[in-house]
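Please look at the sequence and the structure together before reading on. The explanation below then moves from the whole chain to single residues.

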Amino acid sequence: MTIKKTVDTGSTTFSLLIPHINLGYDNEVKIVTDGITTLNRFSTIPQFNQEQKQIYTIIHLKGTAQAVAF
């Protein structure tokens, strides 16, 4: 998901890693996973586009997964 976008400096995206789980009979289970924020660098000036273009930040997450009734 793009969380910030500019026409002249790049964008910032966030990715969530969602693990497969088995709720079993409890209908709720604790989970741990990671989110990744990516800074996508870009410049309209060609000589500024010579280095690493993506910078990653890992965010450790924990929470609870539950069944949702529709």
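The paragraphs that follow describe the overall form, the strands and a few selected residues.

This is a predicted model, in which local features need pLDDT of at least 70 and side-chain atom pairs count only at pLDDT 80 or more, while totals for chains, interfaces and linings use all residues. Residues are numbered from 1 along each chain as its sequence is written, and side-chain values use heavy atoms, with hydrogens and water left out.

The chain contains zero helices and four strands; helices (H or I, at least four residues) and strands (E, at least two) are DSSP runs, numbered from the N terminus. Along the sequence, the pattern is therefore written β-β-β-β. The radius of gyration of the chain, taken over C-alpha atoms, is 18 Å, whereas a compact globule of 70 residues would have one near 11 Å. The rule for such a globule is 2.2 Å times the number of residues to the power 0.38. Along the principal axes, the C-alpha atoms fill a box of roughly 60 × 25 × 15 Å.

Of the 70 residues, 17% are buried. Here, buried means under 20% relative accessible area, exposed over 50%, and partly exposed in between (1.4 Å probe, protein chains only). The chain exposes about 6000 Å², of which carbon and sulfur atoms supply 58%; accessible areas come from the Shrake-Rupley method with a 1.4 Å probe, and for residues only the protein chains shown count as cover.

How do the strands pair? Two strands pair if DSSP finds at least two bridges between them. Strand β1 (residues 2-6) runs antiparallel to β2 and is joined to it by four bridges, with K5 standing opposite S11 in β2. Seven bridges join β2 to strand β3 (residues 28-41), again in an antiparallel arrangement, and T13 stands opposite T38 in β3.

Two residues of β2 deserve a closer look. G10 lies in this strand and counts as buried because its relative accessible area is 12%. Leaving aside residues up to four places away in sequence, G10 touches K5, N40 and F42, where contact means heavy atoms within 4.5 Å. L16 is also placed in strand β2 (residues 10-16), but L16 counts as partly exposed because its relative accessibility is 47%. L16 joins I18, I59 and L61 in a nonpolar surface patch of about 350 Å². Patches are made of residues with over 30% relative accessible area and no salt bridge (a side-chain nitrogen of Lys or Arg within 4 Å of a carboxyl oxygen of Asp or Glu); like charges are joined within 9 Å, and nonpolar side chains (Val, Leu, Ile, Met, Phe, Trp, Tyr) within 5 Å.
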